[in-house]
Amino acid sequence: MAVPYNQGQWVGEKRAMRLVDQQGRLLGKVSLLDLGALAIVVAAIVAVLFFPGRQAGSVVQVGGGPTLPVEVDMIVRGVSSRSLEPFQAGQKADLIIRNQPYGQVEVVRVENVSRTVPVVFPDGRVENLPDPEPYRFDLVFTLRGRGQRTENGIVLGNNRVKVGVPLELETFSYNLRGTVMDVRLLQS
């Protein structure tokens with residue numbers, strides 16, 4: 001008959017070494033939780049190194065084709081300003097596409113497209129009057145720069161520029177964020 005003795009061993013029997021002990025250690029040395037964490041870290045490193053994926057909007061320019069003149073229409077809604085004086089055509093401005101600096105572009109045209117409000121008069125006629133908020137403008141900027149034409153669209157710097165892409169325009173007088181309305185290749 002075996003008698004219980006010291007830490008679960010039985011007197012007269014050999015203790016067989018368990019693969020996982022009561023504390024969750026493999027072969028009594030390494031924690032299973034540590035092994036699991038190590039496996040996840042190694043899998044993440046392997047995934048990043050061997051399957052890097054594709055960055056959204058980034059374009060690798062192979063061959064560096066010819067650059068062509070490009071015009072981009074950008075709409076900026078709700079600009080708070082006392083006047084339209086700071087927003088003049090002919091200025092040079094820094095352009096940022098998807099938070100990536102592109103360089104300088106020329107502001108070719110600035111158009112005020114502020115909203116109008118339909119007003120009904122007592123005699124039944126309806127007139128569209130300017131929005132009553134005096135210091136708020138909606139502006140369309142036409143910007144000119146140089147870019148490349150690829151099979152996926154027009155590329156400025158290393159970014160594809162399409163309708164809806166966020167842009168940031170900065171000069172000495174203003175810093176505005178808007179979106180692309182139109183992109184055109186000009187004949188050189």
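A salt bridge is a side-chain nitrogen of Lys or Arg within 4 Å of a carboxyl oxygen of Asp or Glu. That idea is a handy way into this structure, which is a predicted model. One such pair is R184 and E71, whose closest N and O atoms are 2.9 Å apart. The two residues come from distant parts of the chain, with R184 in strand β14 and E71 in strand β5, 113 residues apart.

Before following the charged residues further, it helps to look at the chain as a whole. The protein chain holds 1 helix and 14 strands. Of its 188 residues, 24% count as buried. Among the contacts in the chain with a separation of 6 or more, 64% are made by residues 24 or more positions apart.

The helix, α1, covers residues 32-50, which makes 19 residues. From its first C-alpha to its last, α1 reaches 27 Å, close to the 27 Å expected at 1.5 Å a residue. At the start of α1, a side-chain oxygen of S31 comes to within 3.3 Å of the backbone nitrogen of L33.

The strands bring us to the interior. The largest nonpolar core has 25 residues, and V72, L95, F141, L143 and L169 are the ones that touch the most other members. Several strands contribute to this core: β5 (68-80), β6 (92-97), β7 (100-112), β10 (136-150), β11 (153-156), β13 (166-170) and β14 (175-185) each supply at least two of its residues. The largest share, 5 residues, comes from β5. V72 shows what such a position looks like up close. Leaving aside residues up to four places away in sequence, V72 touches F141, T142, L143, L156, V161, L167, V180, D182 and V183.

Back to the charged residues: the structure holds 10 salt bridges in total. Besides its pairing with R184, E71 also meets R144 in a salt bridge, at 2.4 Å from N to O. This pair, too, links distant parts of the chain, since E71 sits in strand β5 and R144 in strand β10, 73 residues apart. Is E71 buried or exposed? E71 has a relative accessibility of 10%, so it counts as buried, the cut-off for that label being under 20%. Its two partners fall into another class. R144 counts as partly exposed because its relative accessibility is 33%, and R184 is likewise partly exposed, at 24%.

A further salt bridge joins the side chains of D138 and R115, at 3.4 Å from N to O. D138 lies in strand β10, while R115 is in the loop between β7 and β8 (116-120), 23 residues away. D138 counts as buried, because its relative accessibility is 6%. Which residues end up in one network of salt bridges that share partners? They are E71, D73, R144, D182 and R184.

D138 is worth a second look for its neighbours. Not counting residues up to four places away in sequence, D138 touches V76, R77, G78, E111, N112, V113, S114 and R115. The last of these, R115, is also the salt-bridge partner of D138.

The loops and turns offer some details of their own. In the loop between β6 and β7 lies R98, which has a positive phi of about 50 degrees although it is not a glycine. N99 is in the loop between β6 and β7 as well, and its phi is near 65 degrees, again a positive value in a residue other than glycine. How accessible are these residues? R98 has a relative accessible area of 30%, so it is partly exposed. N99 reaches 63% relative accessibility and therefore counts as exposed, a label used for values over 50%.

Finally, β8 and β9 show how two strands can sit side by side. Strand β9 covers residues 126-130, and 5 bridges join it to β8, the two running antiparallel. Within this pairing, T116 stands opposite P130 in β9. The two strands form a hairpin with 5 residues between them. In the turn of that hairpin, G124 has a positive phi of about 100 degrees.

Note on methods: Residues numbered from 1 in each chain as written. Predicted model: local features only at pLDDT ≥ 70, side-chain atom pairs only at ≥ 80, totals over all residues. Heavy atoms only, no water. Core = buried A, V, L, I, M, F, W, Y, C linked by side-chain atoms within 4.5 Å. Buried < 20%, exposed > 50% of the residue type's maximum accessible area, 1.4 Å probe, protein only. Helix = DSSP H or I, 4+ residues; strand = E, 2+ residues; numbered from the N terminus. Contact = heavy atoms within 4.5 Å. Expected span 1.5 Å × (residues − 1). Polar contact = N/O pair within 3.5 Å; in protein donor to acceptor, adjacent residues only side chain to side chain. Pairing = 2+ DSSP bridges.
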